[in-house]
Amino acid sequence: MTERLWEIYEQLCQVEMKGLDEFVRRLKSGEFGEFPRPEIIAFLRDIEAAMLANIHTKAMEHARYAEMEDQVSEQWHEYFDSLVEEFERA
């Protein structure tokens, strides 16, 4: 993943607390310059993998979270699939 994509993600999603959908929308618009489509998709999949790993960690820490792990993981996976599809339509 490129350092520039990471910087944009950190600023929008972690500092400004914007959603990933806005991150993708603004990338698609070219607001931050041009990035190769495969690079952005790989970046989104890396973020997804990190999120799913965090869900798994929480599930190991508490039984209540373990009960919800599959459902929550599937919801996030579907969300990331929709983000990737949205970007591919651009």
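Of the 90 residues of the protein, 29% count as buried, a term that denotes under 20% relative accessible area, with exposed meaning over 50% and partly exposed the range in between (1.4 Å probe, protein chains only). The model is a predicted one, in which local features need pLDDT of at least 70 and side-chain atom pairs count only at pLDDT 80 or more, while totals for chains, interfaces and linings use all residues. Residues are numbered from 1 along each chain as its sequence is written, and side-chain values use heavy atoms, with hydrogens and water left out.

The protein has 4 helices and 0 strands; helices (H or I, at least four residues) and strands (E, at least two) are DSSP runs, numbered from the N terminus. Along the sequence the pattern reads α-α-α-α. The C-alpha trace spans about 45 × 25 × 20 Å along its principal axes. Among the contacts with a separation of 6 or more, 63% are between residues 24 or more positions apart, contact meaning heavy atoms within 4.5 Å.

Helix α1 covers residues 3–15, and its buried residues are Leu5, Ile8, Tyr9, Leu12 and Cys13. These buried residues of α1 pack against α2 and α3. Just after α1, methionine 17 takes a positive phi of about 60 degrees.

The loop between α2 (20–28) and α3 (37–61) holds phenylalanine 35. This residue counts as buried because its relative accessible area is 15%. Leaving aside neighbours within four places in sequence, phenylalanine 35 is in contact with Thr2, Arg4, Leu5, Ile8, Leu27 and Ile40. Two of these partners, Leu5 and Ile8, are listed among the buried residues of α1. By contrast, the C-alpha atoms of phenylalanine 35 and leucine 83, 48 residues apart along the chain, are separated by 16 Å.

Helix α4 comprises the 27 residues 63–89. The expected span of a helix is 1.5 Å times one less than its number of residues, so α4 should span 39 Å, and the 40 Å between its end C-alpha atoms agrees with this. A bend of about 50 degrees is nevertheless assigned to α4 at glutamate 69, the bend being the angle between axes fitted to the seven residues ending there and the seven starting there. Glutamate 69 is also one of the buried residues of α4, alongside Ser73, Phe80, Leu83, Val84 and Phe87. What covers these buried residues includes α2 and α3.

How are α3 and α4 arranged relative to each other? Two packed helices are described by the angle between their axes and the distance between the axes. The axes of α3 and α4 come within 9 Å and cross at roughly 170 degrees; axes are lines fitted to C-alpha atoms, for helices over the stretch in contact, and angles run from 0 to 180 degrees between N-to-C directions. The two helices are therefore roughly antiparallel, since angles over 145 degrees count as such, those under 35 as roughly parallel, 65 to 115 as roughly perpendicular and the rest as oblique. By class, the contact of α3 with α4 has 16 nonpolar, 3 polar and 7 charged residues; Ala, Val, Leu, Ile, Met, Phe, Trp, Tyr, Cys and Pro count as nonpolar, Asp, Glu, Lys and Arg as charged, and the others, Gly among them, as polar.

Two further residues add detail. Glutamate 48, in helix α3, counts as buried because its relative accessibility is 6%. Apart from residues up to four places away in sequence, glutamate 48 touches His77 and Phe80. Serine 73, in helix α4, is buried with a relative accessible area of 17%, and, with the same sequence neighbours set aside, serine 73 touches Leu52 and Ile55.
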